[in-house]
Amino acid sequence: ELIIEEAEEKDLKRKLKENQYDFVIARDLTIDDEEIVKCKIIAKDVIGVIAPKNDSISNYDKVTIKDLKDKKLILMNKYTTVYNRIIMAFDKEKITPNIVRTGRPESFINSLSIMNCITILPYKSFLNLKTTELKFIPIFPEIDVSVILMKNKENTLSNNMKIFLEFLDQ
């Protein structure tokens, strides 16, 4: 039996640890968590800056976190892997990001020009926006936010889990 359920990352993590799920497909939940292990990369993705085309940062071919130190940012919600990866990158550079708002991209993407802000999102999320008014600029060094198949470290693979892994390899 295959059951597909959409949930917030914190709930996915909790239910995986409680053995309510055999697998979770999500952004990497293994950071600072030794109970969850990666099984397979489902889709590669990286984070980049998304800015209105009239913003000065749009002239860059790629940016560093240091290039963003004075920019006003609208980011994804604090509980997301993407948000946490961004904060880790700023912390590594010893820079405090100027976050003016957080939320779901579909709720704030149209506010970027009005609020004179930029955002940082995965490339594939940018493609889903289907906009010609914004530009994606890769961050260097690259910040990986691939989608990964994960399981509880303590669980052995059942026959059904093995079949599912084999299916993914096809």
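Thr-119 sits in strand β6 of this predicted model. Its relative accessibility is 0%, so Thr-119 counts as buried, the cut-off being under 20%. The side chain of Thr-119 reaches the backbone oxygen of Ile-74 at 2.5 Å. Beyond the neighbours within four places in sequence, Thr-119 is in contact with Gly-48, Val-49 and Ile-50. The contacts of Thr-119 also include Ile-74 and Leu-75, together with Phe-108, Ile-109 and Leu-112.

Val-49, one of the contacts of Thr-119, belongs to the largest nonpolar core. This core has 33 residues. Val-49, Leu-68, Ile-120 and Ile-139 have the most contacts inside it. Two or more residues of this core come from each of β3, β4, α2 (81-92), β6 (118-122) and β7 (134-138). Helix α2 gives the largest share, six residues. Apart from this core lies another, of nine residues. Among its members are Val-24, Ala-26, Leu-29 and Ile-36. In soluble globular proteins, nonpolar side chains tend to be buried together.

The contacts of Val-49, leaving aside neighbours within four places in sequence, include Ile-57, Val-63 and Leu-68. Val-49 also touches Ile-118, Thr-119 and Ile-120. Further contacts of Val-49 are Lys-135, Phe-136, Ile-137 and Ile-139.

Asp-55 lies in the loop between β3 (47-52) and β4 (72-76). Asp-55 is buried because its relative accessible area, 9%, falls under 20%. Residues up to four places away in sequence aside, Asp-55 touches Lys-71, Asn-116 and Ile-118. Ile-118 is also a contact of Val-49.

Ser-158 is placed in the loop between β8 and α6. Its relative accessible area is 31%, so Ser-158 is partly exposed, between the cut-offs of 20% and 50%. The side chain of Ser-158 reaches the backbone nitrogen of Met-161 at 3.1 Å. Ser-158 and Gly-103 are 55 residues apart along the chain. Their C-alpha atoms are separated by 38 Å.

Attention now turns to open space. Rolling a probe the size of a water molecule over the atoms shows where empty space is left. The largest pocket holds about 1300 Å³ of space. Its lining comprises 40 residues. Nearest the pocket centre lie Glu-5, Glu-6, Leu-12, Ile-25 and Ala-26. Several elements give two or more residues to the lining: α1 (9-17), β1 (24-27), α3 (105-108), α5 (123-129), β8 (147-152) and α6 (159-169). By type, the lining divides into 21 nonpolar, eight polar and eleven charged residues. Ala-26 appears both nearest the centre of this pocket and in the core of nine residues.

At the level of the whole protein, there are six helices and eight strands. Along the sequence, these follow the pattern α-β-β-β-β-α-β-α-α-β-α-β-β-α. The C-alpha atoms fill a box of roughly 55 × 35 × 25 Å, taken along the principal axes. The protein has 170 residues, and 42% of them are buried. Of the contacts with a separation of 6 or more, 73% join residues 24 or more positions apart.

Definitions and conventions: Residues are numbered from 1 along each chain as its sequence is written. This is a predicted model: local features need pLDDT of at least 70, side-chain atom pairs count only at pLDDT 80 or more; totals for chains, interfaces and linings use all residues. Side-chain values use heavy atoms; hydrogens and water are left out. On a 1 Å grid over the protein atoms alone, a cavity is a set of points where a 1.4 Å probe fits but cannot get out, and a pocket is an open set with protein on both sides within 12 Å along at least five of seven lines; lining residues have an atom within 4 Å of a point. Grid points are joined across faces, edges and corners, and a volume is the space filled by probe spheres set on the points. Helices (H or I, at least four residues) and strands (E, at least two) are DSSP runs, numbered from the N terminus. Ala, Val, Leu, Ile, Met, Phe, Trp, Tyr, Cys and Pro count as nonpolar, Asp, Glu, Lys and Arg as charged, and the others, Gly among them, as polar. Buried means under 20% relative accessible area, exposed over 50%, partly exposed in between (1.4 Å probe, protein chains only). A polar contact is a pair of N or O atoms within 3.5 Å; within protein, one must be able to donate a hydrogen and the other to accept it, and residues adjacent in sequence count only if both atoms are side-chain atoms. Contact means heavy atoms within 4.5 Å. A nonpolar core is a set of buried Ala, Val, Leu, Ile, Met, Phe, Trp, Tyr and Cys residues joined through side-chain atoms within 4.5 Å.
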